[in-house]
Every structure is written in C-alpha cells, then in structure tokens.
Amino acid sequence: MTISRPAFISRAALICLATAVLAWLISFLPVYQVLSGYCYDLMAISIPKPFSVPEAKVLLIHMDKEYPEVNDDDWLQLLKELEELKASLIIFSFLPGNAGESFFSAAKSFGNVFFARAAKNNPETNEWQFVEKIPAKAENLGLSIGVLALPDSMYGIYRTQQYNYAVNGKPYPAVETLAAQAFLKNKQIVSGKDYFIYFSYQTLPFLNLKQILKGELVPELIKNKVVFIGKDQKQEGMATPLVRLGEQISTFQYHGLALNTLLTEQAIRWCTGFAKLGFILISNFLVLAVFYWSSLRFVFLILAGILLAEFVIAWLVLALFYLWIPILAMWIAHILFFIFYMHYQDIVEHDQIWKIIHSLSGKFLRQNIPDKVYAQEQYWSKIIVMVSQSLNLERAIFLESKTNSYYVQEVIALNCGLADIHERRRDYRREPYRSAIKQNAILPVEQFFLYGTEDEQQFIYPLTFLDRLLGFWVFSIKPKQSLSAKQEDYIRRVGRHIATLLFYRDLWLKQKKEKNFFNYFQHTSHYRLLATLDRMLSLLERQFTAIEDYLNAQSTASIFFDLFGRIWIANQKMQALLKRANIRIEELTALDMLHQLAGVEIKEAKRLLQTLIVEGGEAAFTVNLPNINEKIFKLRLAAINTNIEDYRLRTKNMLDVERQGFLCEIIDLSLLRQEINRKQ
C-alpha cells in the first residue's frame, strides 16, 4: 500500500508553501537585510558595459577651497559660457551666497538652471529641516529649487535616493527629481518613495571650476550634458556599493550618480512586500515540480544547479530590467524546502516500508487479526494469564519502553500494577534493567515490587526484537519455588513472541496517530529501515518456509498454531476437511481443537497445552468430525521445532532447536486401515 500521487503532491505543496512563507518572513530580519544588501552590491557593481548605457549624461564640476573667492561676475560668466556650449541643464548643488541679482535673474531667464537647498533630518523630531536659506536677492524670482538631502543608510550602506522630501511638514521634490522631470519633458518618473541608484558607472566625468574660470573648457564635454556644480570634499567619503571595490565617494558624487540614474532611466527597483512573496512562491513551486519529476539520487546536484541558474537570472534581470529580485530569500526557501522535502520523502518511505512489513508479515502469518488487536487490553490479558498459568506465577507485568523516553509504561499486569513499582525503578537506565539488557537473560531481582512477601522470588527478562528493546517482563513465583531449565527455556521462547507482539503494538499505535501537516517535520525513525526490513522479512520467511515445507510434506491434514494457540498456517488437506465439517478455520484455536473436537475440558486443555510447550511431547485423541459421521479420525497434537531438515543435516544437529508452536494433525483412521489391509 503506497500513498497516492495526489496526496503526496498536496502535502509536498503544503511544505512548499510553508517554506516560502517562512523565507519571506525571514527576509524582514535585519541579518537578512545585511546579507541581501551585500549580494545586491556585488551584482550592482559587476554589470558589464554591454548592458549599461555607453555614455553618462551628467558632467560634474567640482569646487575646492577657492569657492568663497568666486564673485558675482565669475558666476555670471560661468553661467553664460555653459549656455553658449549648449548644456542641457545646469544644476547648482547650493545657492551661491555671494552671487548678485544679475546672476539669479539670468538663471531664471535661461529656464534650464536649477538650484538645490540643503536639508537635514533632525534626529530629535525625525523631521527634515532646511539648513540653507534662500539669498534675499533670489527670494522673489521664482527660481527652480529642489531639496539636497541624503536618505537614511541601509545598515551603514547608502544605496538609494528619495524622489521627494517632507521638509517642515511640506513636500518638496529632490533636486535630482526636479531636474530629471525637466530633462525628460515631464515624463512620469516618480514610482514609490525612493529608488536605488545605478552604480555601474562607478565614476562620472568631471571638471574643476578653476580650470573653467581660466577658459580651459572643452566644448565636447559640455554639449548636451547635464552640468552638476558642487563642492567635492573627499573627507566626506560615503559607504556605497562601491565600497566592495575599496572605493568611497563624496556626497556630491553620490548626488551626481543619483541624478544620472534618473536621467538615463536606470532607477533600480527592489521587490518588496507581497511582490517578494510572489517571486518566492513561484520559484519554490518550480523547484517542487523539478524535484517531483527528478530522481532522488541527483536531487542535491539539481538543487545546486537551480541555485546557480537563479543567480544568473537575477543578475540578468538586474542588468536588463533594473529589477532586483529576492534571490537570497528564494535560496533560503529552496534550501528549506529541500531539507523538509527530503525529510518528507523519508517519512513517506518510512511509512510505506512499515506498511509493507506489516502486510508481508500478515501474509506470512495467514491471520485475519485486525491491527488494533495488538493494542487491546483484552488481547494482552489472555496472553499474560496463559503464561502465568503455565509457570504458576504469583504476579506478572509486561512493561513497554517508549521511544524518546527512558521510563517504562505498563502494557498489562496480573495481580499487580505499575504503581507497585518504585518510581526510581521505572527508569530503565537504572538497575536492574541495565544488567538485564546487558546480559539479555532472566535475572533475579530483590524487592522490585513495593509490596509482597519477603520470600517471594522476583525476576526480570528483557523483551527484544531485531536488536530493538521493546520492554521488560517482570514476574514473581512462590517462595521456595525455583525455575527449572525447561521453564527458563519457555520464558525465553515466549519472551521473543511477546517482544514481536510489542513491536506490532508500537507500530500500530504510531500509525494510529493523526497525521497533520506538522507531523511531516518530525523525525520518528530510530533505526535503519532497510536493514530492519531485510532482517524482519528474513526471519519471517525462514519461519514460514520451514513450517510451510513441513506441512506440505505431510500426507495428513495438518495445521500449525503458534505458542499462544493462534492459527498460523494450514495445508490444503486441513482446509478442505474443516470446510466439509463446517468449521471456520479463521476462528479456530488450539484450545478449540481440544475442547470442541476431542471433548477435553477447558481447564485440562490449557494444562495439556502448557505441558506440551514447556516439556514437549505429544497427545492423541480419537475424534468425530461434524457432517462426516461415516469416518473416525485421530487428532494428534505435538510441539514441534521450525528448523529445516537440511539445516540440521549441515550443522550436524548442533543448531539450537527452538520450539515455535503446535502441530495438529487429523488422521483418517479408515484410510489407515485400508492401507494396512492393502499391504497385508
């Protein structure tokens, strides 16, 4: 029985959705912002020239310390020369305080001259305020003045510029926005609050104001350029993505790059909010599709290839479309999905393997016992009563060791309970459990139960199956009574069967738990499944094959019961005979065979079965079968061993003989007489 494909896909899709949302939430953490910014910086400064605009549109003219010595005539001369050389726009990053009214009037008349007014954020009020006044000579001229300000850094790195600033409670456009709108003929450029600056140029062409005032102008550098004039103070170095190359730029250069970004329409956008979640979800479901149709042997290499391909795609999208997709969040989502998907695959395979084990073992046992029987108290009550009567036990308790716990729990008890065991003795890391596990033997213990006679003899035996500890069998016998070698052998044999039943009980209880979404993120496997499957099937196959070969070789109607009297397998002759007698074979037990067919009392039948188990031997009865009155049958019941005959021959009878249950034969005495007469 395997999980259906739709169920698998739906649960894998839930994992895919959960990991995508988790990665999206992680993307809001500061540590993610730092790492994502680092990845962005490396890509932003590595865009090759074929993808970038070949020529910058901004020419920087920077001033040194001679700025205060420039007078009104120099400013007016500069303005006229730039106009004559056909500069597209002329932008001053400040308002020249020593310029005269003629300069500002000329700037107004030209129509392509812009000024900037510095503003800073007040950390106390968190409001922007102007730190530069408009000169009285220019106050009433209606000049085009924008705000010159720096936005907040992103964890120490400056990457953005705002379109507008709210200064003293009123919105003002940044000087870059104001100039770009004029350059692009009022084309809509504002999109959101801010934009990421395009740093691929790294540096813009520049001239020194002193050279220009000396007449050392190169007309080709000015024509059709946006001239940006400002103070370039190297000591005011800013940390930008260029810091990854070991470079710092001044605030004047930063504003120049921001202006050039808008003029060339290369403003970079970052996916944020639900757009970011959309990218993560789409990419994660694509990974799910690739994983689902790929071999699990190569899934790790496939994941590495996907991560590399997404890196290239993110770089190309940034270079061609000026869009920064959440590559780091996508990677986090894919890695988380890979981990949980593989774990889910492991759990699905784990579940399927145990279903195979249970199914195959059920086929081997040829039983119609529902799985839930292994967890029913009535079922265990019969077992503990049977073994207690066989050994004349005073008290007995089956203790179960739970996964992820060192404390035993009661399965069933006779004449006692878990409360009769001291609390410190419920931890099987302590004595006497530890010695019993180490020696894997029946060990006498003293005062294991809190209450009892002083002379009462108490014992403990570990219950293991396939090298896995399933629990303990603790029991006591009457004073001055001892365990014989046959009884100890019986305890070991029955103990192995009880351990097997505990294994099925644990398996059924695990499968009974409701499987919700979060169960797929829990690790419940505590041993190697394939090794367990191989060993278990080998054990079952050996037992079943031996008994099946033995029964098929019999010339009589034969049936085999286990140590608890449950039917294991019957050959075809027995099935046909019981069907003719109208006896339902699936409900038949060894006790029923003795009581119903041979007429043996229940109490005597139990004693007989116990004797056969402990001491061996056989018993025979003459019986009549319903609906077959014309014939007389002999019922023969014996305790047998499951060693295959050729095993015994190869090992020269040195193999440990293990008594596994009862062989019941029904012999047709009329056919036997006919055979005797024929031979005579």
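In this predicted model, D41 has a small set of partners once its neighbours within four places in sequence are left aside: contacts go to I157, R159, P241 and R244. D41 sits in helix α2 and is buried, with a relative accessible area of 0%. One of those contacts is also a salt bridge, as the side chains of R159 and D41 meet with an N to O distance of 2.8 Å. R159 belongs to the loop between β5 (144-148) and β6 (160-162), while D41 is part of α2 (residues 30-44), so this pair ties together parts of the chain that are 118 residues apart in sequence. R159, for its part, comes out at 3% relative accessibility and counts as buried. With the cut-off for buried set at under 20%, the bridge therefore has a buried residue at each end, R159 at 3% and D41 at 0%. The pair does not stand alone either: D41, R159 and R244 are linked in a network of salt bridges.

Salt bridges turn up elsewhere too, and the count for the model comes to 11. Another of them joins R395 and E456, whose closest N and O atoms are 2.7 Å apart. Here R395 lies in strand β14 (residues 395-401) and E456 in the loop between β16 (443-445) and β17 (457-465), so the bridge ties together parts that are 61 residues apart in sequence. R395 is buried at a relative accessible area of 9%, and E456 counts as buried at 12%.

A further case runs from strand to strand. The side chains of R636 and E665 meet in a salt bridge at 2.4 Å, N to O. R636 lies in strand β22 (residues 628-641) and E665 in strand β23 (residues 659-668), so the parts tied together are 29 residues apart in sequence. The two ends of this bridge fall into separate classes of accessibility: R636 is partly exposed, with a relative accessible area of 21%, whereas E665, at 6%, counts as buried.

Turning to the helices, α9 (residues 273-292) has 20 residues, and its first and last C-alpha atoms are 29 Å apart, close to the 28 Å expected at 1.5 Å a residue. Its buried residues are K276, L277, I280, S283, N284, V287, L288 and F291. Seen down the axis of α9, these buried residues fall within an arc of 150°, so they line one face of the helix. That face takes in a lysine, a serine and an asparagine, namely K276, S283 and N284. On the other side of α9, it is F274, I282 and L286 that are exposed.

Helix α10 (residues 299-321) tells a similar story for its span. Its 23 residues should cover 33 Å at 1.5 Å a residue, and the end C-alpha atoms are 31 Å apart, which agrees. Along α10, the buried residues are V299, L303, I306, L307, E310, A314, V317, L318 and A319. Among them is an acidic residue, E310. Just past the helix comes Y322, and its phi is positive, near 55°.

Conventions:
Residues numbered from 1 in each chain as written. Predicted model: local features only at pLDDT ≥ 70, side-chain atom pairs only at ≥ 80, totals over all residues. Heavy atoms only, no water. Salt bridge = Lys/Arg side-chain N within 4 Å of Asp/Glu carboxyl O. Helix = DSSP H or I, 4+ residues; strand = E, 2+ residues; numbered from the N terminus. Buried < 20%, exposed > 50% of the residue type's maximum accessible area, 1.4 Å probe, protein only. Expected span 1.5 Å × (residues − 1). Arc of directions from axis to C-beta. Contact = heavy atoms within 4.5 Å.
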